[in-house]
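Hello,

Here is the structure we talked about handing over. Please look through it first; my notes follow below.

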Amino acid sequence: MKRSLLAAGGILGVSALLLSACATEPATDDGPVTITYSNFTSAGGNEENLQTIIDAFEAENPNITVDVVTLPYGDYFTTLQTDLAAGTVADVVDTNYDFFPQLASSGSLAPLEVTNAGAYRDSLIDAYSVDGVSYGLPSSFSDVVLYYNADLFDAAGLDYPTSNWTWADEQAAAEALTDSSTGTWGSHQPVSFYEFYKVLEQNGASFLSDDGTSVAFNTPAGIEAAAWLTEKSGTVMPTIEEGQGTADFDTNLFLEGKLGMMHTGIWIFGALADAPFTWDIAVEPGNTQQASAVFSNAVGVSAASEHIAEASLFAEFLTSSQTMVDVRLDTGWELPPISDEDQLAVYLTKDTPANRQAVFDSLDSIALTPLVENGQQEMQDIITEELIEAQAGRKSVADALASAEERINAVIG
Amino acid sequence: MVLPTAVATPPSRTPARSGRNARRPRATIGYVLTVLAFLLPSAVPLALFVLGPMIAAAWISFTEWNLITPMEFIGLANYQELLADERTGEVFLHTIQYIAGYLPLVYVGGLALALALNRALKGRSLWRGIYFLPVVTSWIAVAIVWRWLLNPNNGVVNLALGWFGIDGPGWWTDPDWAMISIILASAWKDLGFVMVILLAGLQSINPELYDAAKVDGAGAWSRLRNVTIPMLSPSTFFVVVISLINGFQVFDQVYAMTGGGPGGSTQVVVQQIYDLTFRYGAAGEASALSWLLFIVILGVTVIQIIGQKRWVHYA
Amino acid sequence: MHSSQRVRPRTVVLHVVVIAGALAMFFPFMWTFITSITPGAGFSITPRLWPEDASLEAYQTLFTERPFARVIANSIGLALVTTLAQLFTSATAAYAFSRLPFRGRGVVFAIYLATMMIPLQVLIVPLFAELKAFGLLNTYLGALLPTFASAFGIFLLRQAINQVPRELDEAATLDGAGHFRVFAQIVLPNIRPALATLTVFAFMSSWNAFLWPLVVLRSPELQTLPIALAGLQGQYTTAWDVVMAGSVVSILPMLALYIFAQKYIIQGVASSGIK
């Protein structure tokens, strides 16, 4: 009798111990919290800049420690998807515009209560909202502009590109600048998905149909836009065989003073800082209208995070704090996604290029990346492949677009 | 061997074991434990970390899964779709083209290197080191250099061909020649690997065999054919089997040199598997494709293992 | 007259071909090195012979702005453990497949080989989930465990052990040696070239491993060389001179190991035990 009483007591005691150990901590913790932030935006040279922002956050929030994981951009999404599959997502994660819809629609992101939504540019914060609720906060943006070598223009007696230029103006200048005897080329524009949907809009066409279940680029306007891209090759721009399409090819050619104009992003400013000639930028010319490509990155909070409040606090600091603005503007690490133009005025006063205003003028007409529910990457791969076939002369532009239409509709329909 | 005729064999209590069993020791507890002791160190990690995930991959192949949302069981649909899709045949074809070009090149080249550097050559340690250098150089660098060498416009190779009046092809920019470019770069890079394996194999050939052959008046060629190559066959077998297993799973070099282009003409199976898993949200289809690949590789390997009795001479 | 006193034309030709080949082999490494000492290098399609403003600043950047010393230490540590583990697991298994017949041994060997026939890209997600279940994510052990056994190594050593004459085994058995002694004292010393070869390849496979360390090691203190090298490439721009400096640094230890191991791979026949 005594033994079974003892046993019962022992069992009760052990259970109580176990139960108390399993009891969840109260949600509002006054103790220190550690959150993880998995990112790609700082890879390749901005790790210290990110650390500056994190240090400032930790100073303001002594209870919160941020553990940073930095992954190479090219492999980040492999890791993110592996994490999603296994349920090991960091508290705060980076994403770009392309991948955001998949994250949001799968319920992987927590809805955010943004304390100061007005701090962000409207177009950017909207891009990461679903039905009016923010699931991501934009962390930076860059856009694509037209660069030109002013010295080459002067030597050829040509007027500089303006924000009123059209394709015809660019074509004329490019042809005048191309000189095989000196190995100089007129204008470089990559042949890819990211250029194509933009030139489509510049020609009044569009990549996707309104409901987003089929493509809409196989029209005369679309073919004209595709030709604008692909026919540069061999006429005003080197061919693939001559190296076009390899990494940094356009930047190198431009730096050598052998390229009159190029279409690329504002992230090249740093690489061109010491160029031995005068260069500047202009808003990209359109045909029937202007449209510029804008790329942005964002951060989200994992829906499975155990510290959503702290993570959200960090996400907002990372994307709208003064420290972040200062760091980005000082170091040229993309542009802060803020709506306060006065703060950005500092950016305008910096050295070359002189026409930094073009960076913001380009935001007046944005060509948004076409997004589909299924097969985003496959769609992008297909159109890039077909356009390159046209560029290489293995298919006519019309055939390339027709083939792309058929293949893409099968994937996204 | 001459068998004795009509010899009376005394009756024995335990019947003589024949065939394979004649060599097999008795299955005593001691022997079983010995076998286990030697096998477990490798069996446990392989079972836990390869076989286990392989089985999981098999299960995934019966589902539709984009990694982000829960899996959906769809039975054999992935396999049906793959077998009906012409792209599956294409990626296998490209892979087989790669192997067919790569294997002979890398073996013959590696063998020539191993033979050359096995002799008393001045500074051969240095040469062996240099020939191994590409093996440890990253594909990023090797791809750039080979794309430069094979540049259709002013690459060294086409320039040299031009001296002989030959109009060089488009190499990696030409769908018909892109795979050949990859093969050349790969074979070149792996020469050192084959060389190392065959050098180790050459070391184990009994020099008395060469002496005996020389005494019989055999020339260098004949010694190569009748002594070296047969005695090297275990290493050759190894190189062939491994090259085939790795060749079917070729990825890095294709990714670095052409990314699967131009026009998808060099898209290989594993590149497709990677794309399906991490870029097209079709992990189930990717697993199914990898199991199809597995069956092919297994079949090819088994054929070789069975066939080794014919041409591989062990000591 | 000794043949070594005559320079045979065949030997000259051989020397020329070998040297020419070696130059060709050396070329990509040289290009990597040259890019690494070209400050602000772009990704040039035409490798230049020697930059006018050659400098080592890329190497400085590598070690001061990034925790590269730590990264290299991680890679070395993991590679060493992997190599030792694989030597052990491969030699034991190879001995079994060569010297310990048992029913179904061929099938088991085929299963071992089969572990090489599924690409890592497809195994990575289940493997990751498994290591998560073991609580080993973001740990050295988690990165190491899947590398402890390799069918490649087992196959390589099995071929080598098959080449060791059984008479040597039998001689030892007659002296009363059991399998463990035969393994340690007869077989292993006689397959040194293969062991040295496996050392090089096991080290190399760990050194260059990318996909698994990428997903399992996240903290900056744990990351390995290939991940750090990939991380030198930004989303939009890349400092190629720094990337190439990293490549050079990555190649050197491997090369050093190979040159060191060569001595054992190329042994005289006299020391291989064949009488």
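**Chain C and one threonine in chain B**

Chain C contains 13 helices and 0 strands. Its pattern along the sequence is therefore helix only, α-α-α-α-α-α-α-α-α-α-α-α-α, and its radius of gyration is 23 Å, well over the 19 Å given by the globule rule for 275 residues, so chain C is more spread out than a compact globule. Please keep in mind that this is a predicted model.

Some further totals for chain C. The C-alpha trace spans about 70 × 70 × 30 Å along its principal axes. Of the 275 residues, 58% are buried. Take the contacts between residues at least 6 apart in sequence: 74% of them join residues at least 24 apart. The exposed area is about 11,600 Å², with 67% of it supplied by carbon and sulfur atoms. Chain C carries 17 positive and 11 negative charges, and the mean positions of the two sets lie 13 Å apart.

Now to chain B. Where does B:Thr258 sit? The residue is in the loop between helix H12 (252-257) and helix H13 (269-279) of chain B. Is B:Thr258 buried or exposed? B:Thr258 counts as buried, because its relative accessibility is 17% and the cut-off for buried is under 20%.

Which residues does B:Thr258 touch, leaving aside those up to four places away in sequence? They are B:Trp172, B:Ala178, B:Ile182 and B:Thr266. With B:Thr266 there is also a polar contact: the two side chains are joined at 2.7 Å.

Best regards

Definitions and conventions:
Residues are numbered from 1 along each chain as its sequence is written. Chains are lettered from A and ligands numbered from 1 in the order in which they are written. This is a predicted model: local features need pLDDT of at least 70, side-chain atom pairs count only at pLDDT 80 or more; totals for chains, interfaces and linings use all residues. Side-chain values use heavy atoms; hydrogens and water are left out. Helices (H or I, at least four residues) and strands (E, at least two) are DSSP runs, numbered from the N terminus. Buried means under 20% relative accessible area, exposed over 50%, partly exposed in between (1.4 Å probe, protein chains only). A polar contact is a pair of N or O atoms within 3.5 Å; within protein, one must be able to donate a hydrogen and the other to accept it, and residues adjacent in sequence count only if both atoms are side-chain atoms. Contact means heavy atoms within 4.5 Å. The radius of gyration is taken over C-alpha atoms; the globule rule is 2.2 Å times the number of residues to the power 0.38. Accessible areas come from the Shrake-Rupley method with a 1.4 Å probe; for residues, only the protein chains shown count as cover. Lys and Arg count as positive and Asp and Glu as negative; His and the chain ends are not counted. The place of a charge is taken as NZ of Lys, CZ of Arg, CG of Asp or CD of Glu.
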